[in-house]
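Hi,

Here is the structure I promised to send over. Have a look at it first, and then read on for what I found when I went through it.

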Amino acid sequence: MKVLFASSEIFPHAKSGGLSDVSSALSETLAAEEGVELSRVMPRYSFIEKKKLKPFKRAEVFLGGTCHEVNFYKLEKSGVVTYFVDAPLLSETLGMYGEAGEDYSNNDLRFGIFAAAIVELARLLDVSLLHLNDWQCALAALFIKERELDIKTLFTIHNLAYQGVFEVGALSRLGIDSKHFHSDGLEFYGKVNFLKAGIGWCDALTSVSPSYAQEIQTPEYGCGLDGFVRLHAKKLTGILNGIDQNHFNPKKDKLIPFRYDANNLDAKHQNKTAFLKATPLKDPRKPLFVMISRLAEQKGLDLVLESLESLLAEKINLYVVGEGSASYKERLEANNGKYENFYFHNGYDEALSHQAYAAADFMLIPSRYEPCGLTQFIAMRYGAIPLVRSVGGLKDSVHEEEALCGRGIVFEPYAKEAFLEAFARALALKKNSKKYKAWQEQNMGCDFSFAQGAQEYLNLYKSLM
Ligand code: ADP
C-alpha cells in the first residue's frame, strides 16, 4: 500500500508544537510496517536549507486561474523519504504561519498551494492513500474529490481549535466552487473554514485520543464545529498518540548532562541539581514542579497564575518554560524576582526542555482541554510524575488510581480548589518516597511509543483499500 503522509511540520525539520513530534513518530513507525510504503510531505520553509535536499520534480498548480510554480525536493533519512514543497509564497517567509504573534494574511493562499501540491505529489507518486493532518493540509481532501482521483484520504484532527478560517474571498483566490459555501460545506459564520474541508470530504477521520474524539462532539469542546463533527461522526475514530521513545530517552539523551534510567535515579537528581544551578531557583531538596507549554489559554495557565501564591507558599520550586501569548508572558514574567521559588523562562528551547524533563519531580499539565498532549508521556519517560487535569488525551493516559501504566495525579473540575487539592496529593506522594519511586519506576518502564497507535492507523488504512 502506497501512502503519502502530509503535515505542515515534521520533526526535526520544523516544529511549533506536538503536531511536529507526532507527525515524525507516527510516520516513522508506520513506514517500518510490513506492506506499507510510506513517504511524507511538508513545506520547505525558509529555514530548511535547500542545499541539504535533493531536487525531485517541478510542477505547476492552478488555483483560481493563477498558475503557481512548485518545486519538490526530497530527503531520505531514518528509512523514510520526505518531500518538501517549495513555492515562493510558502517558502520565503521567516516563519511557518506568521511572525510576532500575527498570522500571515495570505495563509489561505500559502496553504492552498501546499494542499494542491500535496495532491500533485500524490498523483506523481501514484499513492493509493493520503494521510492529511490539520487545517493546513485539509483542502487536499476536497481537491481529491473534486478531481475524482482514485486516492483515499484519512484526515487527522490534532487540535480542533485551529481551523484555518479566512474571508470569503479565499474561495475565488483558490478556485473553489461557491456551491461548497454552505453550513454543511466550507462555510463558517460567513467565512471559509479549511478544517471543514478535511472533516467533510475525507474518507476516514481520526483524532488523537479516544476521549477527545468524544469531546469534540460536544458544544463545550467543539469550538463551534461540534455539530459538523457529529454529522461526520460515523467516520471518526480516536487513536491515542505516542512519542518517539528513542528521541525521548533519558538513557541516551545527549541534551541532558547526566544520563539515567529507572535503576539509576541518583543521576536524575544530579540533573536536577545542575538544572537549578543555572536558574535563580535553589535548594534541590525541594520538590521541583515544571511546566513546559505553549503560552495559550488551552494549557491552563490561568489556573496556575490564580493559584500561584498558594503553590509557592509550600516548600517547592516551580519552573515554567514557554512561548506564546504576550499577555501570559507578561503575567508570568511579573512574578520573576517576586518569589524566590518561582522562575519563568520565556522562549522555545528544545535542549532546555529536555533538561527540564530530566530535572523535574512533577510536570504540571492543568489543561482546559487537551487533544492528546505529549508532555505527560515525555515526563513519565523521564521519571517526572505528571499532575494533570482529566481531559482529552490526559484522561486516557494518566491515572491516579491503580493502573499498570501512566501513574500520576489527576483532578477534574477546572477550578483552583480541585487543582490545589491535587497539588497537596502530589506533595504527600513525594513525602512517601517509597511510593513516589515506585510510580517513577513503573512509568519509566512503560511503552508510550506509537506501536499500538500505528496498528490502529494501519487497520484504518486497510479498511479504506
Ligand atoms: P501542543 O502541541 O498543544 O503544544 P503537546 O503536549 O502535544 O502540546 O506537545 C508539546 C511539545 O512541544 C512537546 O514536545 C514539548 O516538550 C514541546 N514544547 C512546548 N513548549 C516548549 C518550549 N517552550 N520549549 C521547548 N519545547 C517545548
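**A helix across a small sheet**

Let me start with helix α6, residues 194–201, which lies across β10, β11 and β12 and runs at about 50° to β12. Before going further, please keep in mind that this is a predicted model.

The three strands under discussion form an open sheet, ordered β10-β12-β11, with antiparallel pairing. Its edges are β10 (165–166) and β11 (187–188), each of which pairs on one side only. Between β10 and β12 (residues 191–193) there are 2 bridges, and the two strands run antiparallel. If you want to find that pairing on screen, look for Val-165, whose bridge partner in β12 is Asn-193.

Asn-193 is worth a second look. At the start of α6, a side-chain oxygen of Asn-193 comes to within 3.0 Å of the backbone nitrogen of Leu-195. The helix itself is mostly covered, with 7 of its 8 residues buried. Those buried residues are Phe-194, Leu-195, Lys-196, Ala-197, Gly-198, Ile-199 and Trp-201; note that a lysine is on that list.

**Strand β13 and its partners**

Next along the chain is β13 (residues 204–207), and both of its faces are covered. Ala-204 and Thr-206 are buried on one side, and Leu-205 and Ser-207 are buried on the other.

Which strands does β13 pair with? One is β9 (residues 152–157), in the parallel sense over 4 bridges. Here Leu-154 has Ala-204 of β13 as its bridge partner. Another is β14 (residues 236–238), also in the parallel sense, over 3 bridges. In that pairing Leu-205 stands opposite Leu-236 of β14.

**The six-stranded sheet**

Further on there is an open sheet of 6 strands with parallel pairing, in the order β17-β16-β15-β18-β19-β20. The edge strands are β17 (342–346) and β20, each pairing on one side only. From one strand to the next, the twist averages 20°.

Inside this sheet, β15 (residues 288–295) and β16 (residues 317–324) pair in the parallel sense over 8 bridges. Ile-292 is a handy marker, with Val-321 as its bridge partner in β16. Helix α12 (residues 350–359) packs on the sheet and touches β15, β16, β17 and β18 (362–365). The direction of α12 makes about 150° with that of β15.

How many of the 8 residues of β15 are buried? The count is 7, so β15 is largely enclosed by the rest of the structure.

**Leu-311**

Leu-311 is found in helix α10 (residues 301–312). Its relative accessible area is 1%, so Leu-311 is buried. Leaving aside neighbours within four places in sequence, Leu-311 is in contact with Val-304, Ile-316, Leu-318, Phe-419, Leu-420 and Phe-423. For a sense of scale, Leu-311 and Phe-62 are 249 residues apart in sequence and 56 Å apart in space, C-alpha to C-alpha.

**Two helices that cross**

Now to helix α15 (residues 416–431) and helix α16 (residues 433–444). Their axes come within 5 Å and cross at roughly 100°, and the two helices are therefore roughly perpendicular to each other. On the α15 side the contact is made by Leu-429, Lys-430 and Lys-431. On the α16 side it is made by Ser-433, Lys-435, Tyr-436 and Trp-439. By type, the residues of this contact divide into 3 nonpolar, 1 polar and 3 charged.

**A buried arginine**

One last residue to click on is Arg-407, in the loop between α14 (392–397) and β20 (409–411). Is Arg-407 buried or exposed? Its relative accessibility is 5%, so it counts as buried.

What does the side chain of Arg-407 have beside it? A polar atom of that side chain lies 3.2 Å from the backbone oxygen of Glu-400. Not counting residues up to four places away in sequence, Arg-407 touches Met-380, Ile-385, Pro-386, Val-398, His-399, Glu-400, Glu-401, Glu-402, Trp-439, Gln-442 and Asn-443. Trp-439 is in that list, and it also takes part in the contact of α15 with α16.

That's the tour. Shout if anything is hard to find on screen.

Cheers

Definitions and conventions. Residues numbered from 1 in each chain as written. Predicted model: local features only at pLDDT ≥ 70, side-chain atom pairs only at ≥ 80, totals over all residues. Heavy atoms only, no water. Pairing = 2+ DSSP bridges. Contact = heavy atoms within 4.5 Å. Axes fitted to C-alpha atoms, helices over the stretch in contact; angles between N-to-C directions. Parallel < 35°, antiparallel > 145°, perpendicular 65-115°, else oblique. Nonpolar A, V, L, I, M, F, W, Y, C, P; charged D, E, K, R; others polar. Buried < 20%, exposed > 50% of the residue type's maximum accessible area, 1.4 Å probe, protein only. Polar contact = N/O pair within 3.5 Å; in protein donor to acceptor, adjacent residues only side chain to side chain.
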